[in-house]
Amino acid sequence: MRLLHTMLRVGNLEESLKFYCDVLGMKLLRQKDYPGGEFTLAFVGYGDEADHTVLELTYNWGIDHYDLGSAYGHIAIGVDDIYQTCDRIRALGGKVTREPGPMKHGSTVIAFVEDPDGYKVELIQLGTQGSAAERQTATAQTV
């Protein structure tokens with residue numbers, strides 16, 4: 001088994017594609033309109049769907065806002081230089097909601113940004129994730 005994709009419902013597909021592709025550097029892998037169901041699916045990611053987990057952006061025609069709820073947490077993206085990445089995101093008009101720094105009670109360096117619909121995206125500085133025990137403790141504390 002393999003995780004294939006995560007689906008996010010978006011209120012403005014063009015704004016979302018601009019954020020995920022232009023700001024976060026993903027590629028639009030495929031997009032298709034479904035007139036009978038009045039929705040459009042766009043798949044974005046950092047590599048081909050055959051080898052990588054991707055995001056499915058679902059735009060339901062005529063719906064421009066969703067309540068995110070309290071169950072959703074975030075998606076996470078590993079980055080080589082979190083400080084430079086946050087600077088680039090800000091320069092491209094993205095919203096950094098938590099500046100880079102160590103996570104509470106751990107050594108992993110993280111930051112958070114927000115997409116146009118308010119979904120949280122965690123950035124994780126690669127190589128700072130700590131030991132397996134630290135990762136388990138951190139996951140238990142945030143769940």
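Leaving aside its neighbours within four places in sequence, Glu122 touches His74, Ile75, Ala76, Ile77, Ile110, Ala111 and Phe112, in a model that is predicted. Glu122 itself belongs to strand β8.

The surroundings of this residue deserve a closer description. Although Glu122 is buried, it has no salt bridge, and the nearest side chain of opposite charge, that of Arg98, is 7.5 Å away. Because a salt bridge requires a side-chain nitrogen of Lys or Arg within 4 Å of a carboxyl oxygen of Asp or Glu, the 7.5 Å that separates Glu122 from Arg98 does not qualify. The side chain of Glu122 does, however, make a polar contact of 2.8 Å with the side chain of His74.

| Partner of the Glu122 side chain | Relation | Distance |
|---|---|---|
| His74 | polar contact between side chains | 2.8 Å |
| Arg98 | nearest side chain of opposite charge, no salt bridge | 7.5 Å |

Turning to the sheet, four strands in the order β5-β8-β7-β6 make up an open sheet with mixed pairing. Its edge strands, each pairing on one side only, are β5 (75–79) and β6 (95–102), and neighbouring strands are turned by 20° against each other on average, when direction is ignored. Strand β6 pairs in the antiparallel sense with β7 (residues 109–114) over five bridges, and Lys95 stands opposite Glu114, a residue in β7.

Helix α2, which comprises residues 82–91, packs on this sheet, where it touches β5, β6, β7 and β8 (120–125); the direction of α2 makes about 170° with that of β6.

Technical notes
Residues are numbered from 1 along each chain as its sequence is written. This is a predicted model: local features need pLDDT of at least 70, side-chain atom pairs count only at pLDDT 80 or more; totals for chains, interfaces and linings use all residues. Side-chain values use heavy atoms; hydrogens and water are left out. Two strands pair if DSSP finds at least two bridges between them. Helices (H or I, at least four residues) and strands (E, at least two) are DSSP runs, numbered from the N terminus. Axes are lines fitted to C-alpha atoms, for helices over the stretch in contact, and angles run from 0 to 180 degrees between N-to-C directions. Contact means heavy atoms within 4.5 Å. Buried means under 20% relative accessible area, exposed over 50%, partly exposed in between (1.4 Å probe, protein chains only). Lys and Arg count as positive and Asp and Glu as negative; His and the chain ends are not counted. A polar contact is a pair of N or O atoms within 3.5 Å; within protein, one must be able to donate a hydrogen and the other to accept it, and residues adjacent in sequence count only if both atoms are side-chain atoms.
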